[in-house]
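Below are my notes on the model you sent, set out as numbered points. They cover the disulfide, the strand pairing, the nonpolar cores, the salt bridges and two single residues.

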Amino acid sequence: MSQRIGKTHWKRFAVGAVPTVAATAAVAVSMAQGALAASFSISGSDFKVSAGSLSGSGFANYATVDVAKNGKHIPVSVSALDNAKITNMCQSVPVDIPVLGTYTMTLKAGGDGTAVKAKDLFIDMTDLQAKKGTFNNVDIGVATGSITKGHVNPKDRVDPDNYAQQADSIEIIDAHQRVWATTAGTFELSGLHMNIAAGRHDCF
């Protein structure tokens, strides 16, 4: 029997207990095509993402395994949102370029007063810390195969009897997370700025 809470506030969450938000480095492709790829082999490293706030409806959280291009298996906690709004989003990805050394690819959006909007958002993460999290009508301990308030990514292989959680809506304030992959049906990025610069320029 799952634990049900009407409205819950937590100041800090472990990896399996919170949603997160991120845009992948392929977001430029999504802008051209109108959607991000439904499935792909992930790179061999994670990246940092921060957000001033994330609010959304239709939340689900469950575990699965991502597979890197080199064959490495990475256990991740997937946070899914049917609809999401994000403010002050920052993504940083360090990359090693032969001869030139380390550079950082950075993406920023949603900082001009107009939030980033996403639909059918799935974030594969391994760690998140936040100043505050609010979950409305949350079910903790529901079976993955019994999720009704959010959705499981159809590309993910999951055990329907495994642990999951869900909520009607959520709000996360001041989020810092380490993410391996993100997919979405659509991503609207207001005030988008992407760049690459020498050295390390992490979002946090």
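1. Status of the model. This is a predicted model, and the points below should be read with that in mind.

2. The Arg178 salt bridge. Arg178 forms a salt bridge with Asp46, and the closest N and O atoms are 3.0 Å apart. The pair links distant parts of the chain, with the two positions 132 residues apart in numbering: Arg178 belongs to strand S7 (residues 163-183), whereas Asp46 sits in the loop between helix H1 (27-33) and strand S2 (47-67). The two ends differ in burial class. Arg178 has 33% relative accessibility and counts as partly exposed; Asp46, at 16%, counts as buried, because the cut-off for buried is under 20%.

3. The Lys149 salt bridge. Here Lys149 pairs with Asp139, with 3.2 Å between the closest N and O atoms. Lys149 lies in the loop between S6 and S7 and Asp139 in strand S6, 10 residues apart. Lys149 counts as buried at 17% relative accessibility, and Asp139 counts as buried at 6%. In general, side chains of opposite charge can pair when their charged atoms come close.

4. The remaining charge pairs. How many salt bridges does the structure hold? The total is 5. One of them joins Arg200 to Asp202, the closest N and O atoms being 3.0 Å apart. Asp202 is partly exposed, with a relative accessibility of 29%. Arg200 and Asp202 also belong to a network of salt bridges that includes Lys48.

5. The disulfide. A search of the whole structure finds 1 disulfide. It is formed by Cys90 and Cys203, whose sulfur atoms are 2.0 Å apart. The torsion about the S-S bond of Cys90 and Cys203 is about -80°, so this disulfide is left-handed. The bond ties together distant parts of the chain: Cys90 is in strand S4 and Cys203 in the segment after strand S9 (193-198), 113 residues apart. Cys90 counts as buried, at 9% relative accessibility.

6. Strand pairing around S5. S4 and S5 pair in the antiparallel sense over 9 bridges. Within this pairing, Ile97 has Gly101 in S5 as its bridge partner. The hairpin of S4 and S5 has 3 residues between the strands, and Val99 takes a positive phi near 75° there. S5 is also joined to S9 by 6 bridges, and these two strands run antiparallel. In that second pairing, the bridge partner of Thr104 in S9 is Ala197.

7. The nonpolar cores. Which residues touch the most other members of the largest nonpolar core? They are Met89, Ile170 and Phe187, in a core of 30 residues. At least two residues of this core come from each of S2, strand S3 (73-87), strand S4 (89-97), strand S5 (101-109), S6 and S7. S6 supplies the largest share, 10 residues. Apart from this core lies another, of 14 residues, among them Ala60, Ile74, Val142 and Trp180. As background, nonpolar side chains tend to be buried together in soluble globular proteins.

8. Ile123. Is Ile123 buried or exposed? It is buried, with a relative accessible area of 0%. Ile123 is found in strand S6 (residues 116-143). The C-alpha atoms of Ile123 and Ala181 are separated by 6.2 Å, although the two residues are 58 residues apart along the chain.

9. Asn153. This residue is placed in the loop between S6 and S7. Asn153 is a polar-contact case worth viewing on screen: its side chain reaches the backbone nitrogen of Lys155 at 3.0 Å. Asn153 is buried, with a relative accessible area of 8%. Leaving aside neighbours within four places in sequence, Asn153 is in contact with Tyr62, Phe122 and Thr183.

10. Recap. Two links between distant parts of the chain can be set side by side: the salt bridge of Arg178 and Asp46, and the disulfide of Cys90 and Cys203. S6 contributes the largest share of the largest nonpolar core, and strand S6 also holds Ile123 and Asp139.

Terms used. Residues are numbered from 1 along each chain as its sequence is written. This is a predicted model: local features need pLDDT of at least 70, side-chain atom pairs count only at pLDDT 80 or more; totals for chains, interfaces and linings use all residues. Side-chain values use heavy atoms; hydrogens and water are left out. Helices (H or I, at least four residues) and strands (E, at least two) are DSSP runs, numbered from the N terminus. Buried means under 20% relative accessible area, exposed over 50%, partly exposed in between (1.4 Å probe, protein chains only). A salt bridge is a side-chain nitrogen of Lys or Arg within 4 Å of a carboxyl oxygen of Asp or Glu. A polar contact is a pair of N or O atoms within 3.5 Å; within protein, one must be able to donate a hydrogen and the other to accept it, and residues adjacent in sequence count only if both atoms are side-chain atoms. Contact means heavy atoms within 4.5 Å. A nonpolar core is a set of buried Ala, Val, Leu, Ile, Met, Phe, Trp, Tyr and Cys residues joined through side-chain atoms within 4.5 Å. A disulfide is a pair of cysteine sulfur atoms within 2.5 Å. Two strands pair if DSSP finds at least two bridges between them.
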